[in-house]
Amino acid sequence: MTASLDAVERTALLTAALRAAETRRPDRLYEDPYADALAGDIGPELLAQVRAATFPADGERTLPSTPDYNAIRTRFFDDYLKDAAADPATTQIVLAPAGMDSRAYRTDWPARVRWFEVDRPAVLAYKQERLGAVPARTDHRKVAVDLTSPDWEQDLQDAGYDPSVPSTWLLEGLLYYIPEADTHRILQRVAAISAPGSRIAADIVNADALTLAHMRGLLDVFESWGCPWLFGTNEPEALFERYGYTAQALQPGEDGADFGRWPDPVPPRSVQGVRRVFFVHGRRR
């Protein structure tokens, strides 16, 4: 079944392998009991390549620590979704793309919440195969459609999504893999079916992360897999503001996005020529 996953989708297996590794740590930031199954055989192989590039045997680390970053990202968005779900006005959460995410299975959610997972049919089929009869702990609705489809919004609404009431969207591990034009297109389409008060969250790198010489070790790994990093922005708040969101961006290591795990300094935003990752979150005006 993994043969039917495209290059970018296979990175979801890397994410699952990272979450499985985090779950085995005594100081873990979260627990994902399904990550091992979702990672399959491919995920650990991808993780081994990332570890070899990130932690060279013959020198010091110069790349960002992918395991620490992924642990912080997962925990940050775990908390973000839990906070959103605690709001009595929250009745629908959308993960687009869903990838190998298991939050619908490993966390309890209020009965009023409809949980939508949007991804290509091959991804959702692989996920179902790996999870078997594990029950979701929410009103779980799968939307098997490509986000580049001209009418995925209709598929989502056919699954029970109501664009007239506020929603919460998570675009995790997506925006740096797609061209800039596609990023704008997706944000525009999500905003168009998100009522005022809707939430959105995503992770994105800065433009410098795509070009800095010391990033090549990591960038080359992803490029060798057929899924190069294609887009970054030094102004993430402005990107989301353009589509009607009042947005904030945090970097790993800053207050609220650290959890005691980020190993590197976080230069002020005014400093240019450094790699950055942003966790962006905002509300639809």
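# A walk through the predicted model

Helix 6 makes the biggest contribution to the lining of the largest cavity, giving 3 residues. That is a good place to begin our walk, and please keep in mind throughout that this is a predicted model. The structure holds 1 cavity of 30 Å³ or more, and about 30 Å³ of space lies in the largest cavity. Its lining is made up of Tyr105, Glu117, Leu124, Lys127, Gln128, His140 and Lys142. Helix 6 (121-131) and strand 3 (139-144) each bring at least two residues to this lining. Sorted by class, the lining has 2 nonpolar, 2 polar and 3 charged residues.

One of those lining residues, Tyr105, leads us on to the aromatic rings. The count of aromatic pairs in the structure comes to 15. Among them, tyrosine 34 and tyrosine 105 form an edge-to-face pair, at 6.4 Å centre to centre and with 65° between the planes. Tyrosine 34 sits in the loop between helix 1 (7-23) and helix 2 (35-39), while tyrosine 105 belongs to helix 5 (residues 103-106), so the pair ties together parts that are 71 residues apart in sequence. Tyrosine 105 has a relative accessible area of 4%, so it counts as buried. Another pair joins tyrosine 161 and tryptophan 169: their ring centres are 5.9 Å apart and their planes stand at 75°, so this pair too is edge-to-face. Both tyrosine 161 and tryptophan 169 are buried. Elsewhere, Tyr176, Tyr177, Phe222, Trp225 and Trp229 come together as one aromatic cluster.

Next, let your eye follow helix 4. This helix covers residues 66-86, 21 residues in all, and reaches 30 Å from its first C-alpha to its last, close to the 30 Å expected at 1.5 Å a residue. Of its 21 residues, 16 are buried, so helix 4 is largely enclosed by the rest of the structure.

Now for the charged side chains. A search of the whole structure turns up 29 salt bridges. Some of them link up: Arg19, Asp32, Arg73, Asp78, Asp101, Arg103, Arg106, Glu172 and Asp203 are connected in a network of salt bridges.

Three individual salt bridges are worth a visit. In the salt bridge between arginine 25 and aspartate 27, the closest N and O atoms are 2.8 Å apart. Arginine 25 is partly exposed, with a relative accessible area of 30%, and aspartate 27 is also partly exposed, at 41% relative accessibility. Further along the chain, aspartate 220 forms a salt bridge with arginine 216, with 2.9 Å between the closest N and O atoms. Both of these residues lie in helix 9 (residues 216-224), 4 residues apart, which is about one turn of the helix. Aspartate 220 has a relative accessible area of 38% and is partly exposed; arginine 216, at 33%, is partly exposed as well.

The last of the three joins the side chains of arginine 269 and glutamate 237, at 2.9 Å from N to O. Arginine 269 lies in the loop between strand 6 (245-250) and strand 7 (277-284), and glutamate 237 in helix 10 (residues 236-241), so the pair ties together parts that are 32 residues apart in sequence. Arginine 269 is partly exposed, with a relative accessible area of 35%, and glutamate 237 is partly exposed too, at 21%.

Arginine 269 also takes us to the second largest pocket, whose lining consists of Asn206, Asp208, Asn234, Arg269, Val271, Gln272, Gly273, Val274, Arg276 and Phe278. About 150 Å³ of space lies in this pocket. By class, its lining has 3 nonpolar, 4 polar and 3 charged residues.

Before we finish, two spots in the backbone deserve a look. The loop between strand 6 and strand 7 also holds phenylalanine 259, which has a positive phi of about 60° although it is not a glycine. At 27% relative accessibility, phenylalanine 259 counts as partly exposed. The other spot is the peptide bond from alanine 96 to proline 97, which is cis, with omega near 0°. Proline 97 is found in the loop between strand 1 (92-95) and helix 5, and helix 5 is where we met tyrosine 105.

Technical notes:
Residues numbered from 1 in each chain as written. Predicted model: local features only at pLDDT ≥ 70, side-chain atom pairs only at ≥ 80, totals over all residues. Heavy atoms only, no water. Expected span 1.5 Å × (residues − 1). Buried < 20%, exposed > 50% of the residue type's maximum accessible area, 1.4 Å probe, protein only. Salt bridge = Lys/Arg side-chain N within 4 Å of Asp/Glu carboxyl O. 1 Å grid on protein atoms, 1.4 Å probe; cavity = no way out; pocket = protein on both sides within 12 Å on 5 of 7 lines; lining within 4 Å. Points joined across faces, edges and corners; volume = space filled by probe spheres on them. Nonpolar A, V, L, I, M, F, W, Y, C, P; charged D, E, K, R; others polar. Phe/Tyr/Trp six-rings, centres within 6.5 Å; stacked < 30°, edge-to-face > 60°.
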